[in-house]
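The exercises below go through a pocket, a cavity and some annotated positions, each with a worked solution. Please have the sequence and the coordinates open while you read.

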Amino acid sequence: MTDQPRRRSPHAPNRPGKPYRRPQKDPVRILAFEALRAVDERDAYANLVLPPLLRKARESAEAGSGPRFDSRDAALATELVYGTLRHQGTYDAIIAECVDRPLREVDPPVLDVLSLGAHQLLGTRIPTHAAVSASVELARVVLGDGRAKFVNAVLRKIATHDLDGWLERVAPPYDEDPEEHLGVRHSHPRWVVSALWDALGGGSAGMEELLAADNERPEVTLVARPGRSTPGELLAAVGEQTAEPGRWSPYAVRLTEGGEPGALEAVRDGRAGVQDEGSQLVALALANAPLEGDDRRWLDGCAGPGGKAALLAALAAERGAALLAAEKQPHRARLVAGALAGNPGPYQVIAADGTRPPWRPESFDRVLVDVPCTGLGALRRRPEARWRRRPEDLEGFAPLQRGLLREALAAARIGGVVGYATCSPHPAETRAVVEDVLKGRGGAAVSAEWIDARPLLPGVPELGDGPDIQLWPHRHGTDAMYLALLRRTG
């Protein structure tokens, strides 16, 4: 639908014998719609767009200048946005069966309203009549009466089956096309299913678990930065009924019932932060790697936005070591500086390109490069990323990833330790990068040897065949972080 419907006069009859009724504005669904439009129009990320929208709605309600908006409203808006984005591929396949044109010919704002309605019908416990009527009312407010009729007709078709019934209709049989079957059923692009399957290996059961885990709401995890805070302090501040110790990291605390980390004094002061447990484990493995000789100079070569750098700085301070945190983008370097503010030990934050470093070769004892990547390991937190990425993005990241690892190895002294990390399990972004650099493909060969990283994370199961490690959402409850540890030998 490309033509705007003609607006009725406020006094014109909606149909003979019935007066015109103004659409009722539902602040929760309007907010969810605005968030989805920002994701679609500006390539924004929901985790960046949604918090300020929620804050504005709460502040307006408290000031009396807007409708009521409490914590339950915020929770519903969050569920509508993230649930719709996580299941977008599945809902698109279902909506396509219920419209009389190719999906690409449906205007994006209309499709957003339909997707919100589909999620309420198929992914929540909202009663059918309420889901349809609320979605049609939203359409009247944001699209107009004409398009609201179209939304009403489509949603009534969707309501004729539950989710399992629709999946039987729109997903091809597993035996005929397993990747497309899993992609439609679990709302992942086919190429992502294929890449994750290559990385995971095994049969369909593990893949089903992984793809399902990508669609679950992740817990908020805190890190108590050593020497500045403790998990006990965080547990006491949050309350033991709503928080638990981390599964694997000795510094982690999981908020089991959500909550606002910014309300905690330790987080506001920078003594603790929000950090996925997988990211904590990457920093801990690098810090725990055996090292002979000096252990005084550490480098985080891709430090933005600062979570790993803050944990590394705290660990370094306990040993009397200094951390240099480098980040290419100045605005991200400022985020790193904010994360490290108040660290008791020596540190420095600079804006610098790790592929053209300002530091001298062989200057550091420990080096971490958490390289830019497709982000396929964090689809729980950024569900929209799965639809933005394309297979060709791998080729775009490849030279940068290899360049950063080469320079990281050059920055380490002989005998020093280098950690190559990425929030992607894609084979092209993990072991292939390390092997290419060590064998000199595309550049000079570097003398280095693998370190078995698995013993450095005691108690963490199923880390892979080694010597590198791969974390998984369905096995570890973390982002799918990858880590290879190398020792420079020459």
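## Exercise 1: a pocket and its lining

In this predicted model, the second largest pocket has a volume of about 490 Å³. Describe how the lining of the second largest pocket is made up, by residue, by element and by class.

*Solution.* Begin with the centre: 18 residues line the second largest pocket, and the closest to its centre are Asp40, Gln88, Asp92, Leu111 and Asp112. Next, assign the lining to elements: two or more residues each come from helix H1 (27–42), helix H3 (71–86), helix H4 (88–96), helix H5 (108–122) and helix H17 (385–388). Of these, H5 gives the most, with four residues. Finally, sort by class, which yields eight nonpolar, three polar and seven charged residues in the lining of the second largest pocket.

## Exercise 2: the enclosed space

How many cavities of 30 Å³ or more does a search of the whole structure find, and which residues line the largest cavity?

*Solution.* The search of the whole structure returns one cavity at or above 30 Å³, and the volume of the largest cavity is about 40 Å³. Its lining consists of Leu299, Gly301, Gly354, Trp359, Val367, Val369, Leu404, Glu407 and Ala408. Strand E8 (364–370) and helix H18 (392–411) each contribute at least two of the lining residues, with the largest share, three residues, coming from H18. By class, the lining of the largest cavity comprises six nonpolar residues, two polar and one charged.

## Exercise 3: the annotated active site

Is Cys423, listed by UniProt under "active site" in an unreviewed entry, buried or exposed?

*Solution.* First locate the residue: Cys423 lies in the loop between strand E9 (412–422) and helix H19 (431–438). Then apply the cut-off: Cys423 has a relative accessible area of 14% and is therefore buried, since buried means under 20%. Beyond residues up to four places away in sequence, Cys423 touches Asp370, Cys373, Gly375, Leu376, Gly377, Ala378, Asp479, Ala480 and Met481. Among these contacts, Asp370 is also one of the positions that the unreviewed UniProt entry places under "binding site".

## Exercise 4: two binding-site positions

Where are Ala303 and Gly306 found, and which residues do Ala303 and Gly306 contact?

*Solution.* The UniProt "binding site" feature (unreviewed entry) includes Ala303 and Gly306. Ala303 sits in the loop between strand E5 (297–300) and helix H15 (307–319), and Gly306 is likewise found between E5 and H15. Ala303 is buried at 3% relative accessible area, and Gly306 counts as buried at 1%. Leaving out neighbours up to four places away in sequence, Ala303 touches Ala309, Ala325, Ala326, Glu327 and Val336, while Gly306 is in contact with Val336, Ala339 and Leu340.

Technical notes: Residues numbered from 1 in each chain as written. Predicted model: local features only at pLDDT ≥ 70, side-chain atom pairs only at ≥ 80, totals over all residues. Heavy atoms only, no water. 1 Å grid on protein atoms, 1.4 Å probe; cavity = no way out; pocket = protein on both sides within 12 Å on 5 of 7 lines; lining within 4 Å. Points joined across faces, edges and corners; volume = space filled by probe spheres on them. Nonpolar A, V, L, I, M, F, W, Y, C, P; charged D, E, K, R; others polar. Buried < 20%, exposed > 50% of the residue type's maximum accessible area, 1.4 Å probe, protein only. Contact = heavy atoms within 4.5 Å. UniProt positions renumbered as here; feature names shortened; annotations may be inferred.
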